[in-house]
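Trainee: Could you take one part of this model and walk me through it closely? Start with any term I will need, and then show me how the part sits among its surroundings.

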Amino acid sequence: MEVKNKQNTYNTLFHWNSFKLKLVFEGMSVGIITGLLIVVYRYILEKAGVLLTDIYKSIYMKPIFIIPWIGGVIIIGYIVGLMVKHEPMISGSGIPQVEGVLFRKLDMTWWKVILGKFIGGVLSIGSGLSLGREGPSVQLGAAVGQGFSRVFKRVKIEEKYLITSGASAGLSAAFNAPLAGVMFALEEVHKSFSPLILLSALTSALSADFIASGFFGLKPVFILGNLTELPLKLYLYIILLGAFLGALGVVFNKILLKTQNLYVAQTWLPKEMRIIIPLLISVMLGILLPQVLGGGHELITSLITNNFSLTVLVILVLGKFLFTMVSFGSGAPGGIFLPILAIGALIGTVYGIILTHLVHLDIMYINNFIILAMAGYLTAVVRAPITGTILITEMTGSFSHLLSLAIVSVVAYIIADILGSKPIYEALLEKILHNQVEKISIGNKKNKAILEFPVCMGSDLDGKEIKHVKWPSHCLLVAVKRGEDEIIPKGDTVIFPGDYLIILTNEDRVPKINDNLIVMTGSCEILK
């Protein structure tokens, strides 16, 4: 008996018109599952951080305890290394891998990623590596979205939205920041502001945040006390800070990629042994400079409560920066969002203290430069200015600094762009694809897929009639969505900026069609 193909042309087009409202409820389901998963992930990481502190207190009191701890980190490093070797998709942040899956250039087995990323992240971050929980949280959420799609046998276009919804929910639950989760899904992961993506991602992010807030409370992640608004006469220093952070963001990206190359160049070191290197370094730092261990949450809050000298702050900046390079470069499962924020906060503190000496800046404004530098440095590295602005606003609970946050983020973005630095996740994805031993073939020609592309102003398609466009082979334009209207395309239909092109193609042709249409519509320039 012939099995009905749910991915054929009729069913694919039928689902496109019928699943819009259903996507809201599916996004809610993915958000709830992701929220529960990330709550457990955060809780275990918090307990692991407390345990790590107790371990180093014991070592400080009885130095002989360092011997079993060294043996312990070697075993942990080897176990995580074997996991990464067996399932390469769990290495590093996970965000580039999610982008690769969405663009059909990488394949992901959802249950392997959930198990591997969860356990690997807990072992790596919990042992003290300078990595964050946000990258793994995004990938865990994306894997939940893919798993939901596979279990309930959704069509491919639906799966793409569910993966994006899961990624949005992951960041939302990781930082109690639902708006930032949505914006990150639109600005960085999907690189498109489709209403459908917004609808599903927002529902998912709010659901995940509701779950996380119910467990961790409604308070912001960083409690910085009362922040006094910066007067307009000090905005010149914000612009200078943004330019400085833009340049430092370029340095971060270049050194991070070179550190990865340095690990690969050590042919004498087996891949499964690489993570042992930063873990051994963490033992030394745990005794000499414990503040740089872990993602950096405690380090950021300590800047508010403690008065570090300028010398100590400079040492912490360098220590956190270099240890993040060594940790992430090894391929250990963990993100760079939180370490970036920690380094940015340190830079902002140094900058504020210097201004107090040079221009007699009131000391009460130093905390402002901490949050400004966090947003600017994140933007310079990731190149997502809206996400950076909203994320810091939600994480600090301060909505009165949107103007200054936006200014420092935009300036940092412009400087990083002028210096020719690629966004870090784009560069990491390119490296992953380049290092593939063989190209992964995803999908088959019997299944159909629907793709959606926004048309940008000034693109090749701007103002052209459909009949005058040289469309890629093996693709069919089935609809032009203009506002709330869905136009059946004809030869003389003119394409305008802001239109969304609905393309039908064979599943195995998706990667090539994606590349061609992204260039033609100008989508590759959206917030890049």
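Mentor: Begin with handedness. A crossing of two helices is right-handed if the near helix is turned clockwise from the far one by less than a right angle, and left-handed if it is turned anticlockwise. Keep in mind that this is a predicted model.

Our part is helix 2, which spans residues 20-61. Two packed helices are described by the angle between their axes and the distance between the axes. We need both values here.

Take helix 5 as the first partner. It covers residues 110-126. Its axis lies 9 Å from that of helix 2, and the packing angle is about 25°. Angles under 35 degrees count as roughly parallel. Helix 2 and helix 5 are therefore roughly parallel to each other. Their crossing is right-handed. Which residues make the contact? Helix 2 supplies Leu37, Val40, Tyr41, Ile44, Leu45, Ala48 and Leu52. Helix 5 answers with Ile114, Lys117, Phe118, Gly121, Val122, Ile125 and Gly126. Sorted by class, this contact of helix 2 with helix 5 has eleven nonpolar, two polar and one charged residues.

Now turn to helix 6, residues 134-151. The axes of helix 2 and helix 6 come within 9 Å and cross at roughly 140°. That angle makes helix 2 oblique to helix 6. The crossing is again a named hand: helix 2 passes helix 6 right-handed. On the helix 2 side, the contact uses Glu26, Ser29, Val30, Ile33, Thr34, Leu37, Ile38 and Tyr41. On the helix 6 side, Pro136, Ser137, Leu140, Gly141, Val144, Gly145 and Phe148 meet them. By class, the contact of helix 2 with helix 6 has nine nonpolar, five polar and one charged residues. Look for Leu37 and Tyr41 of helix 2. They are listed in the contact with helix 5, and they are listed in the contact with helix 6.

Stay with helix 6 for a moment and find Gln139, which is part of that helix. Is Gln139 buried or exposed? Its relative accessibility is 0%, so it counts as buried. Leaving out residues up to four places away in sequence, Gln139 touches Met89, Ile90, Ser93, Gly94, Gln97, Val98, Met108, Val113 and Lys117. Lys117 should look familiar. It is one of the helix 5 residues that meet helix 2.

Back to helix 2, and to Tyr56 within it. Tyr56 is buried because its relative accessible area is 9%, and buried means under 20%. Its C-alpha atom is 8.4 Å from that of Ile66, ten residues apart along the chain. Setting aside neighbours within four places in sequence, Tyr56 is in contact with Trp69, Ser282, Val283, Gly286, Ile287 and Leu293.

One loop deserves a stop. Arg104 sits between helix 4 and helix 5. Its phi is positive, about 60°, although Arg104 is not a glycine. With a relative accessible area of 11%, Arg104 is buried.

Now widen the view to helix 18, residues 424-434. Eight of its eleven residues are buried, so the rest of the structure largely encloses it. The buried ones are Ile424, Tyr425, Glu426, Ala427, Leu428, Leu429, Lys431 and Leu433. What covers them? The cover includes helix 4 (95-102), helix 8 (178-189) and helix 10 (235-265). Helix 13 (310-329), helix 14 (337-358) and helix 15 (366-382) also belong to it.

Pick out Tyr425 from that helix. The largest nonpolar core has 134 residues, and Phe252, Phe337, Val382 and Tyr425 touch the most other members. Helix 14 gives this core its largest share, 13 residues. Beyond its neighbours within four places in sequence, Tyr425 is in contact with Ser93, Ile95, Pro96, Glu99, Phe184, Glu188, Ile336, Phe337 and Val382. Ser93 also appears among the contacts of Gln139. There is a second, separate core of 19 residues, including Leu501, Val510, Ile513 and Met520.

Finish at helix 10, with Tyr235. Tyr235 counts as buried, at 14% relative accessibility. Its C-alpha atom is 8.8 Å from that of Ile407, 172 residues apart along the chain. Apart from residues up to four places away in sequence, Tyr235 touches Leu230, Leu403, Ser404 and Ile407.

Methods. Residues are numbered from 1 along each chain as its sequence is written. This is a predicted model: local features need pLDDT of at least 70, side-chain atom pairs count only at pLDDT 80 or more; totals for chains, interfaces and linings use all residues. Side-chain values use heavy atoms; hydrogens and water are left out. Buried means under 20% relative accessible area, exposed over 50%, partly exposed in between (1.4 Å probe, protein chains only). Helices (H or I, at least four residues) and strands (E, at least two) are DSSP runs, numbered from the N terminus. Contact means heavy atoms within 4.5 Å. Axes are lines fitted to C-alpha atoms, for helices over the stretch in contact, and angles run from 0 to 180 degrees between N-to-C directions. Angles under 35 degrees count as roughly parallel, over 145 as roughly antiparallel, 65 to 115 as roughly perpendicular and the rest as oblique. Ala, Val, Leu, Ile, Met, Phe, Trp, Tyr, Cys and Pro count as nonpolar, Asp, Glu, Lys and Arg as charged, and the others, Gly among them, as polar. A nonpolar core is a set of buried Ala, Val, Leu, Ile, Met, Phe, Trp, Tyr and Cys residues joined through side-chain atoms within 4.5 Å.
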